[in-house]
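Hello,

Could you take a look at the structure I am handing over here? My notes come after it.

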Amino acid sequence: MAKVRESPVATCEKNFLLKALSNYTRLDGRAFDEFRNIKIQFGKDWGCCYVALGQTCALAQVSSEIQQPNSARPSEGIININVELNPMAAAHFEPGRQTDMSVQINRILEKCIKDSKAVDLESLCIKVNEKVWLFRVDVNILSHEGNIVDCASIAAIAALAHYRRPDVTSDGEEIIVHTYSQRDPVPTVLHHHPICVSYAVFNEGEVLLADPTLLEENVAEAHLNIGLNAYKELCTLHLGGSTTLNQHCVIQYTEKAAKRAAEVIDFIKKSLEEDTVKRDQDEVADFSSTLFSEIQEDTVNALIGTLNTWTTQENKWKKPKQLSNIEIVENDNSVIEVVGEKAAALVPRGKDESDVWICIDEDVDDDCILIES
Amino acid sequence: PVEVKMQNILTDRTSVEVNFRPKAGLPNISDRLQEQIVKNSIETAILCELYPRSSVVITIQEMQNYGGLIACAINATCAALLNSGIDMRFLLAAVNCTVDKDNELHLDPDQIERDHAKAAFTFVFDSLDKKVVSSQTTGSFTLQQFQVALDLCKAACDCIFDFYKTITSKQISKHVV
């Protein structure tokens, strides 16, 4: 893989940030304990979740397979959390290689979600000592603007809460896995929703910044990651870096983090409900449309615009030698109409009657049936 | 263009590295195939000779796969290259279409159409004279069907080039304002 070195923080930048902090100002104008906005978007697939925390984005996907359980815990399912830092997030990340940073983030998330027993592992058991579900949570970081841990933890827990695993029945001997269309999938049982709240520590614990940006993260002396659930129960406490932090400070910020965690969890639950309502109404949440209009406004509209205005070229292709049922009619006026996201239909728009598509009989019949029903 | 590893160094041209990340799980063989397809198509478009002893790293992250993944990946890569300012010979547009049992063609098919498809085609065109850069097919089909599909996709590729134009001009105007 190509090597791109991480760009270091310039001294003047660092000094400027510290000076601003001594004047109680953050570079992006937030208060010290103010967090960035969260956006949560669920995909079409179960257990697919996109989370944006300011400019930091993560995509989580839960997948499941059946495996033999751990011999030490024969009646419990397995859950694996994997955070992937690829060059898409920042150029200096290398794909497929474990770095200190990725190991650390992985471990914090594991502590937060796995070790706090958020997922009911017993419910993932199919047959004791033989078959259990293995859940794999893949979190891909899409862009790195500081505070990956928070973003990844929200994405992972939201994806787990959103995920439905296929239903399984057993007739004693055989185990049958039903597809989504055969039986309604089973939601994951979550005992509680732990998430991480991070602070950057400056000046020996004098200043703690909530939800640090990339620059703040690089300048900070240490990072404090607090994993909490909505009931103010502490799941993780991680202090990385080198600084001294007194007891009171930790307790005080844990209190603050608990408030934040409750808000975020509420937000996750609200988003999940919205998604269920949408699915009930059969408006399957379309990931790309909302997502990309967020990232780059109007691009989707632009595409739809181009699709609408686009007209086929004046019969560039030669007529097929009638091997197929398709008859391409010389028509320079047909218009592509958008049926859905990334799907379009050719709709003839002839100037006069002679210019329209010739439909073969079968098709006509089909059309009639459609209209009647 | 960035620094390149010794083993990948090419003295007369840039080496193009494509990383394809599936949404779930580790990258497997079929993802490597996707990488190769994208790489082969993109290499023709980039002016590789301009950047010797360097590499262009492309990372593709799958977000939602409801068909036409390769076409989507190639189009996204082209848009990203356009945005990065790397010199290119031409732009690329990939178009996906299927043929179903009744020999009907579907441009950019949806889920149902794909399930009933007999064969699927992905064509990549250049922006200069709309020549085929690469083509990828699955399933069985006749030569004539291939030709018809090719012509249909060729007609549709203009739409993608127009799309590039709109997004780029939008972006530029945003920066200017």
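Below is what was found, starting with how to read the model.

This is a predicted model, in which local features need pLDDT of at least 70 and side-chain atom pairs count only at pLDDT 80 or more, while totals for chains, interfaces and linings use all residues. Residues are numbered from 1 along each chain as its sequence is written, chains are lettered from A and ligands numbered from 1 in the order in which they are written, and side-chain values use heavy atoms, with hydrogens and water left out.

Chain A first. Its strands S12-S11-S13-S14, in that order, make an open antiparallel sheet (strands are DSSP runs of E, at least two residues; helices are runs of H or I, at least four; both are numbered from the N terminus; two strands pair if DSSP finds at least two bridges between them). At the edges are S12 (207-210) and S14 (234-241) of chain A, each pairing on one side only. In the antiparallel pair S11 (residues 195-202) and S13 (residues 222-228) of chain A, there are seven bridges, and A:Ile195 stands opposite A:Leu228.

What about helix H3 (residues 148-162) of chain A? Of its 15 residues, 15 are buried, so H3(A) is largely enclosed by the rest of the structure (buried means under 20% relative accessible area, with a 1.4 Å probe and protein chains only).

Chain B has an open antiparallel sheet of four strands too, in the order S4-S3-S5-S6. Strands S3 (residues 92-100) and S5 (residues 117-126) of chain B pair over nine bridges, with B:Thr98 opposite B:Ala120.

Happy exploring!

Definitions and conventions. Buried means under 20% relative accessible area, exposed over 50%, partly exposed in between (1.4 Å probe, protein chains only).
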